[in-house]
Each structure stands twice: as structure tokens, then as C-alpha cells.
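Student: Could you take me on a close look at one part of this model, the aromatic rings and what surrounds them? I would enjoy one connected walk through it.

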Amino acid sequence: MTPSHDRDDRDPHPHTSRVRLREALANLPSYKPGRSAAGSSSADAGPVFKVSSNENPYPPLPGVLEVVEEASRSMNRYPDMFATGLVDAIARRFDVPAAHVATGTGSVGVLQQVIQACAAEGDEVIYPWRSFEAYPIVVGISGARSVRVPLTVDARHDLEAMRDAITERTRLVLVCSPNNPTGPAVHHDEMVEFLKDVPDDVLVVVDEAYREFVRDARAVDGLALYRRYPNICVLRTFSKAYGLAGLRVGFAFAHDDVADALRKTAVPFGVSGVAQAAAVESLNREAELMQRVESLVKERSRVQEALRAQGWRIPHTEANFIWLELGEETDHFAEKCGEAGLIVRPFGGEGCRISVAEPEANDLLIRIAAEWRG
């Protein structure tokens, strides 16, 4: 007898499937990207600035655009699956073996490769909180348990508490420096002391997505740690300082066994040929790009000083964003910003993260913040 596939017309939810999904997904939060400026407008119909996603406000350099245009001519072909040219360029730039470099779709893509390689049901992953909102998502997808360690009162990692949280089930420790969304960097001597008590079979991931904006000489140097400790993995990205957020290119430094595992867990052909070409050319033009980064660092200092002069208590940021702790007023402040043409990133009940952008956007933030305080 042929089974019937007709849908019961009495089903009150005809578009709800009965597919059995993994229980681990049931309580996962969805990633919330920063709101787009498209379709938004300020109350006075002036310009709208998107400062919610920590993007570089400057467009790619002309030379990078030319390389992208040329690479796009062959987008009917699959890219180099192992991004050989890009890996070699990264290896030369940072003086590491090419075998120790792994690539992926942004640093969060590489992070997911790390989690897949190390953590499964019953395992534990330790990370600070609040920190990068993708952490609980990628950990939860693996089935591992998140162990969130609260930040200190000055919005920094509590490395002592993170060390105390390590158990025999711990497989990974995530360290975000500078910390997203609060801004402070972990200090190098703190990390060296911390690593003395971390078992050598636990992988410590130093997430340095904003490394190029760091100016604090005390800040952790993930690359130096990787050279010294076999259980260190460092994440970097071309999305922020290099201005390639839309092309999704991230990379990691790790020792042989870990780097090989990251290649095994990577999405095949995940980094497009256009993205690979743009990243290589961005490395070639790094000196020009870093001039833009320096201008953003100067703007960061200007904005911090102006807000503190207004009476705001702001964690010292080494990234390209500012954190305003607003508690229950967070959403109200974000709405006020939006009405004025500034799209910020609210974290309900906690605060707003606001990217350092073009001077006009930063001036607008300073004005809104002053009005709020007033």
C-alpha cells in the first residue's frame, strides 16, 4: 500500500514541520547583527551612520578594488580550497610556518572550526561574559557546555576566576583581547601567569580580531604566546582593520596538530577567490591601511576624552569601539541615537557598543551623549 503524503488540512500549523532537530539548538540565542543603515532615516532626514558592527568606515584602497575586479572574472571557477597564496602571504608577513596557518570565513568562522575540532557533548568551554555574542552560539551548536565567567567591575577578563573554572571536562578557554563589546585588552603578563595553571591538553584561543587597533604596550601579544606555548591558538581577521568585512576572511595561528584539525573542519572552498585576492593585496598595502587605522585610533581617543568629560564612566578601550554601560536605559538610548541618525548596537539591560567611525558620526555621538547626560 502506498503511504499517503497528503497534509492533514485540519493541522492548525500547516507550515510547522515535525522534523526532529537536535535538542542542543532549542535554547541557543540567534546571532543579532548590527542594524543596517539601508532604509533608515534620522528625524531631520539627515545622514544615517551605521556604528553598530565595528566596521572600518573607509572603503577598500583603490589597488585592492582593482585586484577584486580582476579576480571576479574567474568566479565561475572554484577557488583554491586551501587558500595557498593567502596562507603563504600570511606566513611571510608574520614569520610563521605556512603549516601553522589556517583560514576560514572570518575569525568567527575559524572559531567554529576550532570548536568543532575540540569540543563535543559533555565537554566544557570557558569564556568571559559579557564577551563576543557568537561564543555561546558556536559552543552550543557543538553540544558542549558554556562556562561563562563574569567580567571584573572595570569590564576586564577575570583570569583568576577563569583559571578556577577549569575542570577535567574543559577542552577550550576563549580569551577575547580587546574584549568585544567592552574594549579592554588582556595584559601579556596576566596571560603568562594564567597559562602556568592551564593543563597542556586544554587549548587556549586568543581572539585578536581587533589587534591592529591596540596601542597599550602591556596588551597581550597572541603571536608571542603561540611561539612559546603549543596549546595556544590565535585568531585574526581581515574584517575590521583591513576593511574586508563583506568578503569574510579570517585566519589562525596554531601548531601542527591543531592547524591540521582546523583545515579538516573548514567549509570546503569557504574563502572565495575574490576574498583571497583582496586579502593578499591588503597585506601588500598594509602600510597604507595602517594609516587609516591610526586615524581611527586618534578618533577613539578624542571620543573617549569627550565622553569622560561629560561624566561618562567608560572602560579603557583598545578596539575600534566604545562601551557605554546603560543598564535598563540601554534600549531607550539606542532609540534616541537612531532618531538622530546613529545606529548603535544595544545589548538589552547592559549597554551599547558604538563603533568609532568617520568624524561626523563621532561628533553626532558626542552630541547625543551630552544631551542624554543633560
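**Rings, charges and their surroundings**

Tutor: Happily! Let's begin with a charge on a ring: Arg148 lies over the face of Trp129, at 4.5 Å from the ring centre. Bear in mind throughout that this is a predicted model.

Trp129 deserves a second glance, since the peptide bond that runs from Trp129 to Arg130 is cis, with omega near 10 degrees. Arg130 itself belongs to the loop between strand E3 (124–129) and helix H4 (134–142). A cis bond is also found from Asn180 to Pro181, where omega is near 20 degrees. Pro181 is in the loop between strand E5 (170–176) and helix H6 (188–195).

Another arginine is placed over a ring as well: the charged end of Arg373 sits over Trp312, 5.3 Å from the centre of the ring.

Now to rings that meet rings. Searching the whole structure gives 14 aromatic pairs. One of them joins Tyr210 and Phe321 edge-to-face, with 5.1 Å from centre to centre and 80 degrees between the planes. This pair links distant parts of the chain, 111 residues apart: Tyr210 is in the loop between strand E6 (203–207) and helix H7 (222–228), while Phe321 is in strand E9 (residues 321–325). Are these two rings buried or exposed? The cut-off for buried is under 20% relative accessible area. Tyr210 has 5% relative accessibility, so it counts as buried, and Phe321, at 0%, is therefore buried too.

Ring pairs also build a cluster, made up of Phe94, Tyr226, Phe238, Tyr242, Phe251 and Phe253. Phe94 takes us to helix H2 (residues 84–94), whose buried residues are Leu86, Val87, Ala89, Ile90, Ala91 and Phe94. What do the buried residues of H2 pack against? Their partners are strand E2 (101–104), H7, strand E7 (232–237), strand E8 (250–253) and helix H9 (273–284).

The backbone around here has some points to check. Most residues other than glycine have a negative phi. Asp95, which follows H2, has a positive phi, near 55 degrees. Arg248, in the loop between E7 and E8, also has a positive phi, of about 60 degrees, although it is not a glycine. Arg248 is partly exposed, its relative accessible area being 32%. Asn54 has a positive phi near 60 degrees and is found in the loop between strand E1 (49–50) and H1. With 1% relative accessibility, Asn54 counts as buried.

From H1 we can step across to the H9 stretch of the chain. Val67 is in helix H1 (residues 62–72) and touches Ala277, Ala278 and Glu281, leaving aside residues up to four places away in sequence. Val67 and Ala277 are 210 residues apart in sequence, yet 6.5 Å apart in space, C-alpha to C-alpha. Val67 is partly exposed, with a relative accessible area of 24%.

Finally, back to Arg373, through its helix. Helix H12 (residues 359–373) packs with helix H10 (residues 286–309) at an angle of about 10 degrees, their axes being 10 Å apart. That angle makes H10 roughly parallel to H12. On the H10 side are Glu299, Arg302, Val303, Ala306 and Leu307, which meet Pro359, Asn362, Asp363, Leu365, Ile366 and Ala369 in H12. The residues of this contact divide into seven nonpolar, one polar and three charged.

Methods:
Residues are numbered from 1 along each chain as its sequence is written. This is a predicted model: local features need pLDDT of at least 70, side-chain atom pairs count only at pLDDT 80 or more; totals for chains, interfaces and linings use all residues. Side-chain values use heavy atoms; hydrogens and water are left out. Rings of Phe, Tyr and Trp (its six-membered ring) pair if their centres lie within 6.5 Å; planes under 30 degrees apart count as stacked, over 60 as edge-to-face and the rest as tilted. Helices (H or I, at least four residues) and strands (E, at least two) are DSSP runs, numbered from the N terminus. Buried means under 20% relative accessible area, exposed over 50%, partly exposed in between (1.4 Å probe, protein chains only). A charge sits over a ring if NZ of Lys or CZ of Arg is within 6 Å of the ring centre and within 35 degrees of the ring normal. Contact means heavy atoms within 4.5 Å. Axes are lines fitted to C-alpha atoms, for helices over the stretch in contact, and angles run from 0 to 180 degrees between N-to-C directions. Angles under 35 degrees count as roughly parallel, over 145 as roughly antiparallel, 65 to 115 as roughly perpendicular and the rest as oblique. Ala, Val, Leu, Ile, Met, Phe, Trp, Tyr, Cys and Pro count as nonpolar, Asp, Glu, Lys and Arg as charged, and the others, Gly among them, as polar.
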